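Hi,

Here is the structure I promised to pass on. Have a look at it first, and my notes follow below.

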Amino acid sequence: MTVATSTRELAHPPCAEIRLEGVLHALADPLRLRVVRDLAAADGELSCSHFDLPVTKSTTTHHFRVLRENGVIRQVYRGTAKMNGLRREDLDELFPGLLGGVLGAAAAQEARSGVPAV
């Protein structure tokens with residue numbers, strides 16, 4: 001994992017260190033999957049404040065950290081905002097079809113149940 005050199009720079013795993021089991025773990029939580037679905041639907045980055053998750057701020061921070069440390073998202077500071085972007089290209093290169101399959105399955109589940117993910 002790349003080590004942060006300042007408090008404003010966040011550590012991200014290089015592609016070679018992203019593991020399938022870590023990605024699956026990160027995507028297995030309904031709240032984290034919701035974040036990934038929102039990022040996949042966005043044209044670009046979204047700030048942490050964009051997400052209205054039904055948990056405390058510290059739990060929200062934990063979920064974003066799990067996604068970042070497992071190589072699913074990239075987080076960078078832009079001014080005072082922490083911006084989040086999906087590492088789609090990296091994930092598609094490492095695990096072809098995985099992200100698209102998970103996102104498609106989540107959409108199908110939501111359509112079938114009529115209930116949006118958390």
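A quick bit of vocabulary before the helices: an angle of 65 to 115 degrees counts as roughly perpendicular. Keep in mind, too, that this is a predicted model.

Now the helix pair. Helix H2 covers residues 30-41 and helix H3 covers residues 57-69, and they pack at an angle of about 70°. That value is why H2 and H3 count as roughly perpendicular to each other. Their axes lie 10 Å apart, and the crossing in which H2 passes H3 is right-handed.

Which residues make the contact between H2 and H3? From H2 come Leu31, Arg32, Val35 and Val36, and these meet His62, His63, Phe64, Val66 and Leu67 in H3. By type, the residues of that contact split into six nonpolar, two polar and one charged.

The other thing to look at is the largest pocket, which holds about 360 Å³ of space. It is lined by 19 residues, and Cys48, Ser49, Lys57, Thr60 and Thr61 are the closest to its centre. H3 turns up again here: along with strand E2 (73-78) and strand E3 (81-86), H3 is one of the elements that give two or more residues to the lining. In fact H3 gives the most, with six residues. The pocket lining is a mix, with eight nonpolar, six polar and five charged residues.

So, if you open just one element in your viewer, try H3: it packs against H2, and it also gives the most to the lining of the largest pocket.

Cheers

Definitions and conventions:
Residues are numbered from 1 along each chain as its sequence is written. This is a predicted model: local features need pLDDT of at least 70, side-chain atom pairs count only at pLDDT 80 or more; totals for chains, interfaces and linings use all residues. Side-chain values use heavy atoms; hydrogens and water are left out. Axes are lines fitted to C-alpha atoms, for helices over the stretch in contact, and angles run from 0 to 180 degrees between N-to-C directions. Helices (H or I, at least four residues) and strands (E, at least two) are DSSP runs, numbered from the N terminus. Angles under 35 degrees count as roughly parallel, over 145 as roughly antiparallel, 65 to 115 as roughly perpendicular and the rest as oblique. A crossing is left-handed if the near helix is turned anticlockwise from the far one by less than a right angle, and right-handed if clockwise. Contact means heavy atoms within 4.5 Å. Ala, Val, Leu, Ile, Met, Phe, Trp, Tyr, Cys and Pro count as nonpolar, Asp, Glu, Lys and Arg as charged, and the others, Gly among them, as polar. On a 1 Å grid over the protein atoms alone, a cavity is a set of points where a 1.4 Å probe fits but cannot get out, and a pocket is an open set with protein on both sides within 12 Å along at least five of seven lines; lining residues have an atom within 4 Å of a point. Grid points are joined across faces, edges and corners, and a volume is the space filled by probe spheres set on the points.
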